[in-house]
Amino acid sequence: MTFNTPLSANKPRLVVVGNGMVGHHFVEQIIAQGGHETFHITVFGEEPYLAYDRVHLSEYFTGKGAADLAMTDGTLYDDNGVRYFTNSLVTEIDRKAKTLLLQNGDSLPYDKLVLATGSYPFVPPIPGHKRDNTFVYRTLEDLDAIRDCAKTVTRGTVVGGGLLGLEAANALKNLGLETSVVEFAPRLMPVQLDEKGGSVLKGMIEGLDVKVYTDTATQEIVDGERAFHRMNFADGTHLETDLILFSAGIRPQDALAKQSGLEMGERGGITINNQCQTSDADIYSIGECALWNNRIFGLVAPGYTMAKAAAGHLMGDAGLLFTGADMSTKLKLLGCDVGSVGDAHGTSQGCKVFVYQDELSQSYRKMVVSEDGKKLLGAVLVGDNSYYDTLLQYYLNAIDLPEQAQSLILPAMDGAPAALGVDALPATASICSCHNVSKQDISDAVCNGALSVGDVKGVTKAGTGCGGCAALLKKVVDNELLALGVEVSTDICEHFAYTRQDLYNIIKIGKIKSFDDLLEKHGKGHGCEICKPAVGSILASVWNEYVLKKEHIILQDTNDRFLGNMQKDGTYSIVPRIPGGEITPEKLIVLGEVAKEYRLYTKVTGGQRIDLFGATLPQLPEIWKRLVDAGFETGQAYGKSLRTVKSCVGSTWCRYGVNDSMTMAVDLENRYKGLRSPHKIKFAVSGCTRECAEAQSKDIGVIATEGGWNLYVCGNGGMKPRHGDLFATDLDDETLIKYIDRVLMFYTKTADRLQRTSVWMDGLEGGLEYLKEVVIEDKLGMCEELDAAMDYVVDTFQCEWKTTLEDPEALKTFRQFVNYDGVDDNVVFVEERAQIRPATEKEKLELIAKVG
Amino acid sequence: MASQWKLVCKQGDLIRGAGVAAMVDGQQVALFYIPESDDKVFAIGNWDPFGKANVLSRGLVAHLQGNWTVASPLYKQHFVLSSGECLEDDTARIPYWKAKLEGEDVYISEP
Ligand code: SRM
Ligand SMILES: Cc1cc2nc3c(=O)[nH]c(=O)nc-3n(C[C@H](O)[C@H](O)[C@H](O)COP(=O)(O)OP(=O)(O)OC[C@H]3O[C@@H](n4cnc5c(N)ncnc54)[C@H](O)[C@@H]3O)c2cc1C
Ligand code: SF4
Ligand code: FES
C-alpha cells in the first residue's frame, strides 16, 4: 500500500477511520455535497469487507450473502476519487503532527479526520469467557464462526436478554439449536420494557421453546458433563450448553481517541458537540463511538444524522446539527412484536399511565401521558405492534391526544376512534427516522414526479433502513397522490380500464349481455382469468341467465364451469342445498345411499350441510341426477353467491326461543339462493340473544327479539373475523327482508371483485351510517331500483344443475376425455377411518410398485 | 424429419375459448380451441406440475401481454399454450404439441 500518490497541494486531506454503516453514510453525504471536489478523501476499515448492512445482519443466516448485505461494491468510491482500504486497522493518531499510523506500519497525514469506529460487543469477564465455542454477534466473520460451530453441536445459549440478545437467540434457533437465554436483569429487554411488558415477552418466548433465565448471574463457565460447557449460576444451579454467544451490551470503540488524548466520557465514548466535533476541532466523531450530551446512541438512525451534520459542517453548512435522537424502537423478535416509544418507564414528572393487558392473547400495552393527559410521553407494546405507528406519531409530533386517549391501546371496538389519519400529521412529522425523512420531504418528492412508493424510496431513501416505516410510508405516499388528484390504478386487469363497480354500471346501463360484447365496446385484448369470472358474475347478478349458456361457459372458473369445487386431485365435491340445515330423514337417506354407491367421502360441513367428496368429472351429472330427482337443488358451494343460512331450532323447540328462527332461515335461504355477488355471502338466524347460530359473524345476521328481529350486517368469520354491525332493531318480517334486499343489492352493485361485505363496509365512506341512509332513508333515491333488481333475481331463479341435466350440449363437457372412455389414473384413493381419501404421492408410488 | 400428425378428435368435441382433455398414446393432452388466435388450436400436457393433478384442460384461458395462456384451476399459475412455459416460474415447463384443424379434424404432432 502506498500513500505517496502526488496530491495537489491545495486540496486538504480528509480521512475517515471506520467503514461501518455510519462511516459509509458519511462518505455518501460528503460526496452528495460535492466534498470529493474539496477534499482528498481516504477511508480505512478494519474489516475485510466494505460497509455492509449490520442492521440486517441476521439475514445472513436466512439466505442473504455478503453481497446482498453490502452497502456499496466500491463504485461510488471509485467514481468519485475516494481511496479506500479494507483490512486496515488504524492504531494511532499523532495529533501534533496530524498523522495516522496503521497496524502495518504505514503512516499518513491528515487535515481533517472523522472517527466512525462504531462499537464492540461487551463480554462480561466471567471466568471461562474465552473458552472455545464462545462467540459475539457483530460482524459477518462472527456469523461465519457461529454457523461453523452450530453444525457440530445441539445446544446454544445467549448471555444477555436485550434487543440484540433476543435477535441472536432467534438466529441460534434458526440454526436448529436448542436455545436458551440468560439475562442478569430481572426481566427481558430491561432498557426498553417495563416489568410487566418484560414478563409478557418472556411468556411468549418460552412458548416458542426458548428457555429464558432472568435474574440469573453466571459465575463461571467450565467443562460440561453432557455438553461442551457448563455455566454455573450464582444461585447454585447450572446450565449445560455447547455454544455460548455473548450479547451483553456494546461499548464504544474509542481506543484511538483514548490513545490520542481526546476528551472522553467517564464510561467511554468520544465526546462531541452539535457539529459532531471532538475536543480537537479538526477531528469529528460519528456513530456508535460518539458520546453526545453524555449519551451513546446504539441505533443506526442517530448515526446517520451525525454523519449528515459532520459532512455539513465540513462543507461549511452550519445549519445541520445533531441535537439528540429519538430511540423509539419496534421489532419482531422470535416472531413476537415488541415496541417501545419515548419514556417507556414512566419516569417523567407527574406522568400518568394507562395499561391494557390481555393474558389470553398475550399482549400488553402501556401509555405514559403528561400530567394533564394531553400529550403522549411514552409507550410500551408487547404482542401486537399495529398500535406503534400511531403512538409514535402522537409522541414525535406532540399531537394533542384524543378525548378517550386510552382507546389508542384498546383493541378495535365499535365506535373507537380510527388510527391517526396521515392527514392529521404535521408537515414536519418524521416518517422514516432511519433516513430522517419528513412528511414534507415525501410530499416534495411526489410533487417532483415520484408517483409510487418505489420511486419515493429511490428519491428520499425513506423505508430503506430498518424498514419499520413501510406501512406508514405507503399511506403517506397514497395520501399525497390522492391530494394531487393522481389516480392510484384500480383497473381490474389489462383488458378493462375500469373498476368492478364501473363494469357493473356499464353492463346494466348499456344492457350488455355477453363478455364478447363488453370486450368489443369497452375493453381490449381477449380477457383473462381475472376479468372473465368477474364479468361472468356481474352478468349473472344483473341478468341472472343460466351460467353454462354457451357464451358464458368460458367465463367460468372451474368450480362454476363444472358446478362443483375442484379438490387437490382434480375430483370434485358435491354440496346440495339444505336450507337452514333442516333435512328430512328421507333426504338424509338418499344422500347416504348415493354416497355409498359412488364411494364418496362424506362430511358434515361448517355451514350445516353435507359435503360429498371425490366425484370424478363424468360422475358429477350422474350423481346430481339422482339428487335432483330426490328433490335436492345445487348448494352453490362453488359460486360467489349465497352459501348457507345457518340457524338454530328457535322457538319451535327451544325453551328460550322468542321467534321462529328456523322458518325465517329457510325462507331467507330460498329467497337469496340465486343471487350472484362479488364474493360469497353467508347468513345466520338465531332464535334469541344466546345466538347459537352465530349470526353476528355472518354477512347478514338476524337475531330474534321480543319485538321482532334485529338485523346485523357485514360480519365475517374466516381469515379476518369481524363482528357484524347492528343495522336495525325490532323489525317485522317484511321490513327485515326489504332491508336485506337493499343491503345485498347495494353491495353487489358497488363492491370490488372478491370483496366480502366486511371489507366492503370497512372501505365504505360514511360507513354504517351511510349505508343506513341509503337503505332506510333512500338518500340516493335508488331503493326502487335495488328492490326491482332483487325481485328480478328471485323470480328468475333456476337450479343450475337441473338446467344442466336437461342440456345435452352442456353434459358433453363433463367427459373426462374427448376421445377415450377411461379414467384419470392419477386419481387414487386409500381408506382412512372407513372412508376414502386421496392417496399421497408416496402412497401412489407404493401402490404402483405393488401392481407393477 | 417430417412431423407425424395424429388425429385426435373432431372440432365438435372442442369448446370455443376453453379446454378439453384427450388421451394420446397413453398421455393426457389438454386441447384448447381459440378461433380468434392465429393458431386456432393448441395442445399442452394436462398435468399441472404445481398442483400435481391432471387438470390444466379445466383452467381458464387468459390472454396476457400477447400470450395465449391457461391459468391452472388449482393454484393459478399461467402456462403459455404455444410453448408450455410457465409465466410465474421459468424452471417449470410442461410438454406441448403442434396442433391443427383440418376440416372437422383435430391433429397434433411432436413439435
Ligand atoms: C366444506 C367447508 C369446510 C367443512 O368441511 O366444513 C369449507 C370448505 C371450503 N372453504 Fe370454507 N368451508 C366451509 C365453511 C366455512 C366457514 C364456516 C361457515 O360458513 O359458517 C367459514 C368462515 C365463515 C365466513 O366465511 O365468514 C369459511 C371460510 C372460508 C374462507 C375465508 C373467507 C373469508 O372471508 O376470510 C375461504 C376462502 C375464500 O372464500 O376466499 C373458504 C374457502 C373454502 C374452499 C372453497 C377452499 C377451496 O377453494 O377449495 C373449501 C372448498 C369446499 C369444497 O371443496 O367443497 N372458506 N368456510 C365448509 C362448507 C360450508 C358449506 O356448507 O358451504
Ligand atoms: C445484529 C445486529 C442488529 C442490529 N439491529 C439494529 C436495528 O434493528 N436498528 C438499528 O437502528 N440498529 C441496529 N443495530 C445497530 C447498528 O448496526 C449500529 O447502530 C450501526 O451499525 C452503527 O454504525 P457505526 O458505523 O457507528 O458502527 P459499525 O457499523 O460498528 O462500524 C464501525 C466500523 O469501524 C471499524 N473500525 C473500528 N475501529 C477501527 C480502526 N481503528 N481502524 C479501522 N477501522 C476500524 C469496525 O471494524 C467497523 O467495521 C444492530 C446491530 C447488530 C449487530
Ligand atoms: S379451513 Fe382451509 S383447509 Fe379447511 S376447508 Fe376451509 S379452506 Fe379448506
Ligand atoms: S424508519 Fe427505518 S427505514 Fe424508515
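The legends below describe close-up views of two ligand sites and one residue in a predicted model.

Local features in this predicted model need pLDDT of at least 70 and side-chain atom pairs count only at pLDDT 80 or more, whereas totals for chains, interfaces and linings use all residues. Residues are numbered from 1 along each chain as its sequence is written, chains are lettered from A and ligands numbered from 1 in the order in which they are written, and side-chain values use heavy atoms, with hydrogens and water left out.

**View 1. Residues around ligand 2.** The shell of ligand 2 holds 31 residues (each with a heavy atom within 4 Å of the ligand), of which Glu47(A), Arg54(A), Arg138(A), Glu288(A) and Val300(A) come nearest. By class, the shell has 13 nonpolar, 12 polar and six charged residues, where Ala, Val, Leu, Ile, Met, Phe, Trp, Tyr, Cys and Pro count as nonpolar, Asp, Glu, Lys and Arg as charged, and the others, Gly among them, as polar. Domain 1 (13-118 + 253-315) and domain 2 (121-249) of chain A each supply at least three residues to this shell, the domain bounds being taken from an automatic or database domain assignment.

**View 2. Polar contacts and cover of ligand 2.** Among the polar contacts (pairs of N or O atoms within 3.5 Å), an oxygen atom of ligand 2 lies 2.5 Å from a side-chain N or O atom of Arg138(A), and an oxygen atom of the ligand is 2.8 Å from a polar side-chain atom of Arg54(A). The backbone of Glu46(A) places a polar atom 3.1 Å from a nitrogen atom of ligand 2. Of the 990 Å² that ligand 2 exposes when taken alone, the protein buries 92% (Shrake-Rupley method, 1.4 Å probe).

**View 3. Residues and polar contacts around ligand 1.** Ligand 1 is surrounded by 21 residues, with Gln567(A), Gly606(A), Lys680(A), Lys698(A) and Gly717(A) coming nearest. Oxygen atoms of ligand 1 lie 2.4 Å from a polar side-chain atom of Gln567(A), 2.5 Å from a polar backbone atom of Gly606(A) and 2.7 Å from a side-chain N or O atom of Lys698(A). The shell of ligand 1 comprises two nonpolar, 11 polar and eight charged residues.

**View 4. Surroundings of Ser647(A).** Ser647(A) belongs to strand 33 (residues 642-647) of chain A, strands being DSSP runs of E with at least two residues, numbered from the N terminus. Ser647(A) is buried at a relative accessible area of 8% (buried means under 20%). Leaving aside residues up to four places away in sequence, Ser647(A) has contacts (heavy atoms within 4.5 Å) that include Gly580(A), Gln608(A), Ser661(A) and Met662(A).

Technical notes:
A polar contact is a pair of N or O atoms within 3.5 Å; within protein, one must be able to donate a hydrogen and the other to accept it, and residues adjacent in sequence count only if both atoms are side-chain atoms. Helices (H or I, at least four residues) and strands (E, at least two) are DSSP runs, numbered from the N terminus. Buried means under 20% relative accessible area, exposed over 50%, partly exposed in between (1.4 Å probe, protein chains only).
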